[in-house]
Amino acid sequence: MEAYDTAVATMRRRPTAAPQTRDLIRYATQAASGHNTQPWLFRPDDAGITIVPDLQRRTPVVDPDDHHLWVSLGCAAENLTLAAGAAGRAGAMEFDPAGGGGVRFSFGTGHGGDQALFEAIPRRQSTRADYDGSGVAASDLRQLRSAAAIPGVALVLVSERPPMDQLRDLILAANTTQMGDPAFVAELKRWLRFSPNAALRTGDGLFSAAGGQPPLPDWLGPWLFDRVFTVKAETARYARQIASSAGIAVFAGAAADPAHWVQVGRACQRFALQATALGLTCAFLNQPVEVPEFRADLAALVGLPGRRPDIVLRFGRGTPLPFSARRPLAAVML
């Protein structure tokens, strides 16, 4: 793990000189993405940067309509916006449906954005482990809600135990459905990385150590996964993690289309960065979003009937885990 930790720290270092366009893109790539697929490509020019989807990195079983892909682009777009603002190039971000769709950031001048959120970018992670069970102050909840206020996105924060237990039951039911689908399990395994060498070699995917599990040799990881990845074990793990969390956040766009999914990604990323700035941790619980038959029940539980929920996050206080790797800039720049 020592070589892995050193390499990942280098990926997340702050530039020592004035940030250049490549530095802004590197900040953008530190955003969250489904299965850590990093499904983005960046096309810089003198006036700005366009982010387009990398359709070779789709996850068609868990995300058949590319919902998570567009949310991931929104997460990267928000990091880019914050980094550009901190570098004195504050500008405007807009969804660009032309040419296959994408997100366009146009450079401006002067500083802008939230400095605390920008500084949280290298420290944010999806902490997929138990938290300490403590609550979150009302003032912190207000900051989380304010940070995630993006036009066209509704955010519901659930921090009382009875409704959290109802959400837990829905999440566990959806997770059981997914685990009963061989295609889902096969797709998930393709994105698992069991050893530090494999995680660094690909620069993507779900590294076991970054999820609170021990790193394993590449030959052993898949064999052990087939034996320990059971409904009983996963149900116990998610139930324990939800019980240790302070609350659950549910995001829903005003419409189910790429433009709104990008907005959801921006809101979700800002929420996670604000949580990081407050010393909190987050992790995704997207099962009832990913299994269509559970979406209406989820929307009803959080008071958004008729809306399609887009993202579910648990939050609380937990010990940071090893960070996930990122692909080299040469692989993501057009």
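Here are four short exercises on the structure above, each with a worked solution.

Before you start: this is a predicted model, where local features need pLDDT of at least 70, side-chain atom pairs count only at pLDDT 80 or more, and totals for chains, interfaces and linings use all residues. Residues are numbered from 1 along each chain as its sequence is written, and side-chain values use heavy atoms, with hydrogens and water left out.

**Exercise 1. Work out the strand order of the open sheet, and find its edges.**

Step 1. Strands here are DSSP runs of E with at least two residues, helices are runs of H or I with at least four, and both are numbered from the N terminus. Two strands pair if DSSP finds at least two bridges between them.

Step 2. Go through the pairs. β5 (residues 153-158) and β8 are antiparallel, joined by six bridges. Six bridges also link β8 with β10, again antiparallel. β9 and β10 run antiparallel too, with four bridges.

Step 3. String them together and you get an open four-stranded sheet, β5-β8-β10-β9. That leaves β5 and β9 (281-284) as the edge strands, each pairing on one side only.

Step 4. Pick out some partners to check by eye: Ala154 goes with Ala252 in β8, Phe251 with Ile311 in β10, and Cys282 sits opposite Phe315 in β10.

**Exercise 2. Decide how covered β8 is, and sort its residues by direction.**

Step 1. Set the cut-offs: buried is under 20% relative accessible area, exposed is over 50%, and partly exposed lies in between (1.4 Å probe, protein chains only).

Step 2. Count along residues 247-253: seven of the seven are buried.

Step 3. Split them by side. Gly247, Ala249, Phe251 and Gly253 point one way, while Ile248, Val250 and Ala252 point the other.

Step 4. Follow Phe251 inward. Along with Phe42, Phe271 and Phe315, Phe251 touches the most other members of the largest nonpolar core, which has 56 residues. (Such a core is a set of buried Ala, Val, Leu, Ile, Met, Phe, Trp, Tyr and Cys residues joined through side-chain atoms within 4.5 Å.) Helix α3 (residues 67-86) gives this core the most, 12 residues.

**Exercise 3. Find the buried face of helix α7 (residues 182-190).**

Step 1. List the buried residues: Phe184, Val185, Glu187 and Leu188.

Step 2. Look down the axis. These residues fall within an arc of 165° (taken from the directions from the helix axis to the C-beta atoms), so they line one face of α7. As a reminder, an α-helix has 3.6 residues a turn, so residues three or four places apart point the same way.

Step 3. Check the other side, where Pro182 and Arg190 are exposed.

Step 4. See what the buried residues pack against: α6 (161-179), β6 (192-193), β7 (206-207) and α9 (221-228).

**Exercise 4. Describe the surroundings of Arg327.**

Step 1. Locate Arg327: the loop between β10 (309-316) and α14 (329-332).

Step 2. Is Arg327 buried or exposed? Its relative accessible area is 12%, so Arg327 is buried.

Step 3. Look for a polar contact, meaning N or O atoms within 3.5 Å, one able to donate a hydrogen and the other to accept it, with sequence-adjacent residues counting only if both atoms are side-chain atoms. The Arg327 side chain reaches the backbone oxygen of Ala331 at 3.4 Å.

Step 4. Add the contacts (heavy atoms within 4.5 Å). Leaving out residues up to four places away in sequence, Arg327 touches Gln38, Trp40, Asp54, Arg57, Thr202, Gly203, Asp204 and Val332.
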